[in-house]
Each structure stands twice: as C-alpha cells, then as structure tokens.
Amino acid sequence: ANLEFALSTGNSYSAFYASSVSYPAPTLTGVDPTAFNTTGEPYVTLTGTNLGDSGSAAYDSCEVQYAYSYDSRNFSGCVDASSSSSALVLPAPGYGTNMKWRLYVGNQWTSELNVNTNYYQPVIHGVTGPSTLATVGGELITITGQNFYPFPNDDDVTTRVSRVTVNYGPSGNLSRYTCVPLQIEHDRILCTTVEGTGKDLRFTVTLSNQASAASAVAYRYTSPSITGVTYATNPSTAGGTVVTITGTNLGNELGVVTLNYGPSLSPWESANTTDTQSNCLNRASSNPGYTYAYSEFGLYLCGGAQCCQRTINPVDISQYTAQNCTFTSVHTTLECQLVAGVGENFVELTINSQKSGVFNDTAVTYGRPSLVTAAGNITMNTTGGQTVVLQGQNFGPIGTNVTADLRALDSRYYYTWIGCTVTTAHTHMSCTTQPGVGIEMAW
C-alpha cells in the first residue's frame with residue numbers, strides 16, 4: 001500500500017516519491033485445517049487472493065494474527081506459497097475456539113475471516129491415584145493426556161491454575177468437586193482431592209472454555225465404616241433420644257447422610273448362656289450368616305439373665321430412619337435422634353449412596369415396656385372375647401402389635417395373648433381375652 005517510487009540512471013538514484021498507488025489488498029477466504037494442537041501443530045494453509053509470492057519482499061514480511069477468548073497471538077514466517085492465493089504458516093501455541101483470522105502482507109491487513117477454527121480441547125488418557133479416596137481429601141491424583149496447557153515456560157503456577165480447572169464428580173454433576181492443581185503441563189497434571197463422599201467419580205480438565213470428555217476411569221471415596229454406637233439407656237419408644245455414631249470416612253456433608261435402623265427379620269435364639277459380651281460379638285466372624293447381640297433382650301431367652309443370642313440375617317434396615325443428624329466431628333462422629341419405635345434394632349449408614357453395612361456389635365434397643373395397671377373387665381369370662389386395656393410406658397407407636405402374657409401368681413395357668421394393639425401411643429394398649437381359667441392372674 002502507498003508505494004514509493006525512485007528512478008535510477010547508471011549508479012545514480014533519485015529520491016523516493018511518495019504516492020497513493022497500492023497493490024490490490026489481500027483477502028482471506030479459507031483456513032485448513034480448522035483444528036490444531038495447543039502446542040502449535042500442524043501447519044495451516046491460508047487461502048485467499050493477492051497474498052504475494054514467496055520470493056517477494058512483501059511476502060517475507062507476512063504476519064498472521066488470530067484472536068480468541070483471552071488474548072491475541074501473532075506469528076510470522078509464511079514459509080511457502082505456491083501462488084499468490086495461499087500461504088503456509090505454523091500456528092503459535094495457544095488455546096481457544098471460534099477464532100478470527102487476518103493476514104498482513106506488504107503493509108496491508110486483510111479483513112477479518114471468521115471461521116470455525118479451534119485448538120484441540122484437552123484429552124484425558126489416564127488417571128492414577130489411590131484405590132479409594134479418603135473423605136478428608138488430600139489424595140494425590142496424576143492425570144495424563146494432551147492439550148492441558150500450551151505454554152510450558154511462559155507462565156507461573158498461579159497463572160496456569162487461573163486458566164485450568166480440574167473437576168471430578170458423578171454423572172450429571174461432573175463439577176461437584178475440584179481437584180486442586182499442583183503442577184500443570186501440556187501432557188500431565190498433578191492435583192489433590194478435596195473433602196467429599198460418593199462413588200463413580202470421573203475427572204474432567206477445562207482449559208479456558210474448552211472441557212475434556214469425562215475420564216474413562218472412575219474413582220470413589222472410601223465407604224463409611226461404623227466403629228461404635230452409643231446412646232442413653234432405656235430410650236423412650238416415643239423417640240428423641242440422641243444416638244452417637246463413631247466411625248471413619250463419614251464425610252462432611254449432612255445433606256447426603258441417612259441413618260437407618262431396624263430389627264432382624266428372624267426370631268432371636270439363644271446362642272450361648274455363658275458367653276461374655278466380647279466373646280458373643282466375636283462369634284460373628286466364624287458365623288457370617290448370623291447377627292449376634294448381647295443385651296437385655298436375653299432376659300427372655302436365658303432365664304432372667306443377659307446372654308448371647310443370635311438371629312439369621314438379614315436385618316430390616318429400612319424400618320426406621322433417624323432424624324436431625326449433625327456432625328460433632330466431621331468424618332468421624334455423627335449424632336442423630338431416634339424416631340418413635342420399639343424393640344432391638346441394628347444401624348446402617350448411607351452416605352451419598354455408599355453404605356457402611358449393618359453394624360452388629362451394638363444394638364439400638366428401645367426401653368423395655370412396663371405395666372402400671374389394667375382396666376376394663378377385671379373379672380373375665382372363661383370363654384374369652386372381652387377387652388382389657390393395659391396402661392404403662394414404652395408400648396410403642398399407635399398400631400404396634402404387642403404380645404401380652406397372662407399367668408396365675410402360683411404359675412399353674414399361663415396364657416399368651418397375641419394381637420394386642422397400642423391405642424394411645426406408648427402408654428395404652430387394648431387386648432382381647434382368650435378362653436381360660438384361674439384366679440389372681442398377673443400381666
């Protein structure tokens with residue numbers, strides 16, 4: 001553009017004369033290929049008109065500029081041109097999408113060419129780390145692949161971290177957690193996990209506005225484990241008693257914590273009347289098909305004393321769900337309130353779809369029912385069919401089915417009445433008498 005002219009005669013030259021004469025302005029019409037590595041390969045062919053010739057001074061000053069999300073990058077050196085309609089250039093390292101191009105030849109810029117050209121997005125080839133992740137975080141993860149970061153020598157760690165994000169999470173929420181980068185290279189990232197819970201966690205790497213596909217390898221946090229269950233003795237069947245759960249890998253997110261508990265689905269039987277509590281609980285290791293317990297429930301099986309009893313697995317773990325759970329120490333200690341219930345129950349934690357397994361060492365046992373009085377038909381027909389209302393404590397919620405025993409004080413007559421029903425929560429139950437005989441009967 002604006003060429004200057006000079007005349008020469010022999011060895012003499014005139015002064016240059018400025019003019020408005022110009023070659024036709026160059027134009028760009030195409031870019032091929034339209035995607036390339038963040039390190040700057042492969043060569044790109046630009047097509048257009050009036051691009052100059054490779055041997056011309058105009059072509060030697062060729063410069064290409066393209067802009068994307070965070071910066072503009074220039075690179076020069078159009079290494080070859082088969083004609084004035086093409087130029088071969090090597091992209092600079094970078095990243096981004098939907099770039100605009102323009103070419104500078106002979107002091108003239110082309111107008112911008114907006115074509116769908118992109119650097120390749122990050123690609124994850126592999127993820128390595130511990131077999132399971134501690135819920136407290138801090139586990140070292142190595143991610144290998146390509147196109148994680150283009151400038152190995154240009155930027156410090158702080159700058160790289162500001163442009164690269166490593167996330168991991170389950171399908172549908174891949175950005176649930178952030179893996180904190182320690183080192184970022186073109187083909188490798190080192191990062192550390194944060195506090196969390198859950199399974200089927202896949203990693204993604206995002207450079208600027210380009211995210212990789214989720215990693216093929218899925219990781220999980222270590223499943224919760226219960227090591228102890230404590231609560232006040234004789235908790236009311238009305239609920240409200242606080243139960244403390246201690247363990248490992250309980251996490252730190254209350255929104256994903258559920259504490260279920262329930263009774264065995266099979267009747268209890270006496271396992272050993274002389275076992276100590278520790279011996280009783282140790283029996284589970286050699287008898288995996290049973291749940292063992294050592295508690296006051298043994299009063300009914302062992303002649304008025306505690307003993308070791310067992311029941312065949314499984315436990316109806318969905319019978320009750322505790323309420324108002326809070327962490328007293330994240331990852332290790334949880335407190336929840338019991339709901340209204342009855343009987344001897346075993347607990348299981350579910351944290352973000354990961355189960356602890358039923359904890360058999362200690363049962364959550366509601367307070368034993370106690371009778372205060374009986375009302376109704378005190379003198380009962382021997383044919384039965386009359387209603388008796390029993391009053392007391394810890395009968396359970398309304399509708400609870402209860403078995404009542406009636407016997408003579410001299411033990412000559414003994415009756416078991418089934419089908420008694422709690423009519424007032426925890427304090428009143430109604431029973432229908434059975435045919436029988438006897439005097440001075442006791443409930």
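Is R160 buried or exposed? R160 is buried, because its relative accessible area of 8% falls under the 20% cut-off. The model in which this residue sits is predicted. Its protein chain has three helices and 40 strands, and buried residues make up 39% of the 443 residues.

**Confidence**

- The mean pLDDT of the protein chain is 82, and 80% of the residues reach 70 or more.
- Over residues 57–61, pLDDT stays under 50; the model has 16 contacts beyond four places in sequence for this stretch.
- Residues 68–72 also have pLDDT under 50 throughout, and the model gives them 16 contacts beyond four places in sequence.
- Where pLDDT is low, predicted coordinates should not be read in detail.

**The chain as a whole**

- Among contacts with a separation of 6 or more, 61% join residues 24 or more positions apart.
- The protein chain exposes about 21,800 Å², of which carbon and sulfur atoms supply 49%.

**Nonpolar cores**

- The largest nonpolar core has 23 residues, and I141, I143, V166, I189, F203 and V205 touch the most other members.
- At least two residues of this core come from each of the strands β15 (123–128), β16 (140–146), β17 (164–169), β20 (188–192) and β21 (202–207).
- Another core, of 22 residues, lies apart from it; L334, L349, I351 and F359 are among its members.
- In soluble globular proteins, nonpolar side chains tend to be buried together.
- Leaving aside neighbours within four places in sequence, I141 has contacts that include I189 and F203, both named above among the residues touching the most other core members.
- I141 is also in contact with V127, T128, G129, P130, L133, C179, L190, C191 and T193.

**Salt bridges**

- The count of salt bridges comes to two.
- One of them joins the side chains of E185 and R160, at 3.5 Å from N to O.
- E185 is in the loop between β19 (180–184) and β20, while R160 is in helix α2 (residues 157–163); the two are 25 residues apart, and the pair links distant parts of the chain.
- E185 is partly exposed, at 26% relative accessibility, whereas its partner R160 is buried, at 8%.
- E253 forms a salt bridge with R176, with the closest N and O atoms 3.0 Å apart.
- E253 lies in the loop between β24 (242–248) and β25 (257–262), and R176 in the loop between β17 and β18 (177–178), so this salt bridge ties together parts 77 residues apart in sequence.
- R176 has a relative accessible area of 31% and is partly exposed.

**T197, beside E253**

- T197 is found in the loop between β20 and β21.
- With a relative accessibility of 3%, T197 counts as buried.
- The side chains of T197 and E253 make a polar contact of 3.0 Å, and E253 is also the salt-bridge partner of R176.
- Not counting residues up to four places away in sequence, T197 touches T135, Y177, Y221, G251, E253, V256, I351, N352 and Q354; of these, I351 belongs to the core of 22 residues.

**T432**

- T432 is part of strand β39 (residues 428–432).
- T432 counts as partly exposed, because its relative accessibility of 43% lies between the 20% and 50% limits.
- Between the C-alpha atoms of T432 and C420 there are 7.0 Å, and 12 residues separate the two along the chain.
- Beyond its neighbours within four places in sequence, T432 is in contact with G385, Q386 and W417.

Methods
Residues numbered from 1 in each chain as written. Heavy atoms only, no water. Core = buried A, V, L, I, M, F, W, Y, C linked by side-chain atoms within 4.5 Å. Buried < 20%, exposed > 50% of the residue type's maximum accessible area, 1.4 Å probe, protein only. Helix = DSSP H or I, 4+ residues; strand = E, 2+ residues; numbered from the N terminus. Contact = heavy atoms within 4.5 Å. Salt bridge = Lys/Arg side-chain N within 4 Å of Asp/Glu carboxyl O. Polar contact = N/O pair within 3.5 Å; in protein donor to acceptor, adjacent residues only side chain to side chain. pLDDT = per-residue confidence, 0-100. Areas by Shrake-Rupley, 256 points an atom, 1.4 Å probe, with all protein chains shown as cover.
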